[in-house]
Amino acid sequence: MWAGQARYDLLFTLGDDSERAVLTEPGAYGQTQINVLDYVVKASLEPYPEEPDGINEGDYRLRMTVSKVPASTMGLEDRADIYAAVIKRLYTSDHSFGSNPPDFPSLYLIYVTDDRTGADMQEPAASRLLTEPLRGAIDERLSELPAKIHWVSSFGEVPLANNSGVEGGGAVISMGNIHEQEDGAMQLSGSIYVANLAASGRTYILEEQDGTWRITGDTGVIWIS
């Protein structure tokens with residue numbers, strides 16, 4: 001049995017900037033949170049459903065608390081370099097298909113971060129939205145890949161074939177937040193999904209070398225299905 005989930009489709013606006021986010025509340029665990037436009041948003045749907053009495057649609061209320069978070073000290077170009085490096089690694093070699101890359105024709109990138117994607121055992125940080133300017137900078141760095149890039153807010157937006165694989169032989173990449181280590185290196189978790197028994201993920205270590213962020217190793221659990 002699986003507790004029900006609530007899904008919210010929200011549009012946040014701050015001045016001339018706006019970001020769309022699709023949040024999923026994990027059923028019995030209650031409350032979900034995400035960082036958007038330099039704010040942390042915590043949300044929960046009330047009341048929680050109980051049997052045997054149903055709840056009228058008009059009785060639901062979405063409760064949100066919004067608070068300011070410190071702005072990232074890392075610039076957009078550095079963040080784009082780090083995310084693009086992990087995407088390229090997952091696409092070209094860490095896809096669990098051995099030494100022959102399948103050159104997926106379509107690549108779906110989830111722009112809501114999730115630290116759990118690399119199976120890190122630490123407490124995950126709040127999800128963030130990869131902003132449109134950041135996504136554009138990442139796209140520029142991925143132009144050499146033989147794939148059409150699609151940005152989606154959740155796995156639920158990815159078209160799947162009857163065999164649970166990504167439609168058209170594509171792949172889905174999900175990533176976490178960028179975390180700084182004590183030595184100045186960065187950690188970023190990432191995973192790739194092709195089908196139910198064709199997926200993998202890990203947490204990468206990246207270091208800046210000659211002005212470019214490069215993957216120099218990984219840490220923690222590496223999972224493959």
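User: Which residues make the nonpolar surface patch of about 240 Å²?

Analyst: In this predicted model, one residue to start from is methionine 64, which sits in strand S5, spanning residues 61–68. Methionine 64 has a relative accessibility of 38%, and because partly exposed covers the range between 20% and 50%, methionine 64 counts as partly exposed. The nonpolar patch of about 240 Å² is made by Leu62, Met64 and Val66.

User: Is glutamate 182, a member of the negative surface patch, buried or exposed?

Analyst: Glutamate 182 forms this negative patch together with Glu180, Asp183 and Glu207. Its place in the chain is the loop between strand S10 (179–180) and strand S11 (186–195). Since its relative accessibility is 87% and the cut-off for exposed is over 50%, glutamate 182 counts as exposed.

User: Where on helix H2 do the buried residues fall, and within what arc?

Analyst: Helix H2 covers residues 132–141, and its buried residues are Leu134, Arg135, Ala137, Ile138 and Arg141. When the helix is viewed down its axis, these buried residues line one face, because they fall within an arc of 160°.

User: Which residues are exposed on the other side of H2?

Analyst: One residue to check is glutamate 132, which has a relative accessible area of 51% and is therefore exposed. Together with glutamate 132, two further residues are exposed on that other side of the helix, so that the full answer is Glu132, Pro133 and Glu140.

User: How many residues apart are glutamate 19 and arginine 135, which form a salt bridge?

Analyst: Side chains of opposite charge can pair when their charged atoms come close. In the pair of glutamate 19 and arginine 135, the closest N and O atoms are 3.9 Å apart, and both residues are buried. Glutamate 19 belongs to strand S2 (residues 17–25) and arginine 135 to helix H2, and this link between distant parts of the chain joins residues that are 116 residues apart.

User: Which helix holds aspartate 81, the salt-bridge partner of arginine 141?

Analyst: The side chains of arginine 141 and aspartate 81 meet at 2.5 Å, taken from N to O. Arginine 141 lies in helix H2 while aspartate 81 lies in another helix, so the pair ties together parts that are 60 residues apart in sequence, and the helix that holds aspartate 81 is H1 (residues 76–92).

User: What is the distance between the closest N and O atoms in the salt bridge of glutamate 132 with arginine 135?

Analyst: Both residues lie in helix H2, 3 residues apart, which is about one turn of the helix. Glutamate 132 is exposed, whereas arginine 135, at 11% relative accessibility, counts as buried. The closest N and O atoms of this pair are separated by 4.0 Å.

User: What is the omega of the cis peptide bond from glutamate 46 to proline 47?

Analyst: Most residues other than glycine have a negative phi, and most peptide bonds are trans. Proline 47 is placed in the loop between strand S4 (39–46) and S5. The bond leading from glutamate 46 to proline 47 is cis, with omega near -5°.

User: What is the phi of serine 164?

Analyst: Serine 164 lies in the loop between strand S8 (148–152) and strand S9 (171–175), and at 16% relative accessibility serine 164 counts as buried. Although serine 164 is not a glycine, its phi is positive, at about 75°.

Terms used:
Residues are numbered from 1 along each chain as its sequence is written. This is a predicted model: local features need pLDDT of at least 70, side-chain atom pairs count only at pLDDT 80 or more; totals for chains, interfaces and linings use all residues. Side-chain values use heavy atoms; hydrogens and water are left out. Patches are made of residues with over 30% relative accessible area and no salt bridge: like charges are joined within 9 Å, nonpolar side chains (Val, Leu, Ile, Met, Phe, Trp, Tyr) within 5 Å. Accessible areas come from the Shrake-Rupley method with a 1.4 Å probe; for residues, only the protein chains shown count as cover. Lys and Arg count as positive and Asp and Glu as negative; His and the chain ends are not counted. The place of a charge is taken as NZ of Lys, CZ of Arg, CG of Asp or CD of Glu. Helices (H or I, at least four residues) and strands (E, at least two) are DSSP runs, numbered from the N terminus. Buried means under 20% relative accessible area, exposed over 50%, partly exposed in between (1.4 Å probe, protein chains only). The arc is that of the directions from the helix axis to the C-beta atoms.
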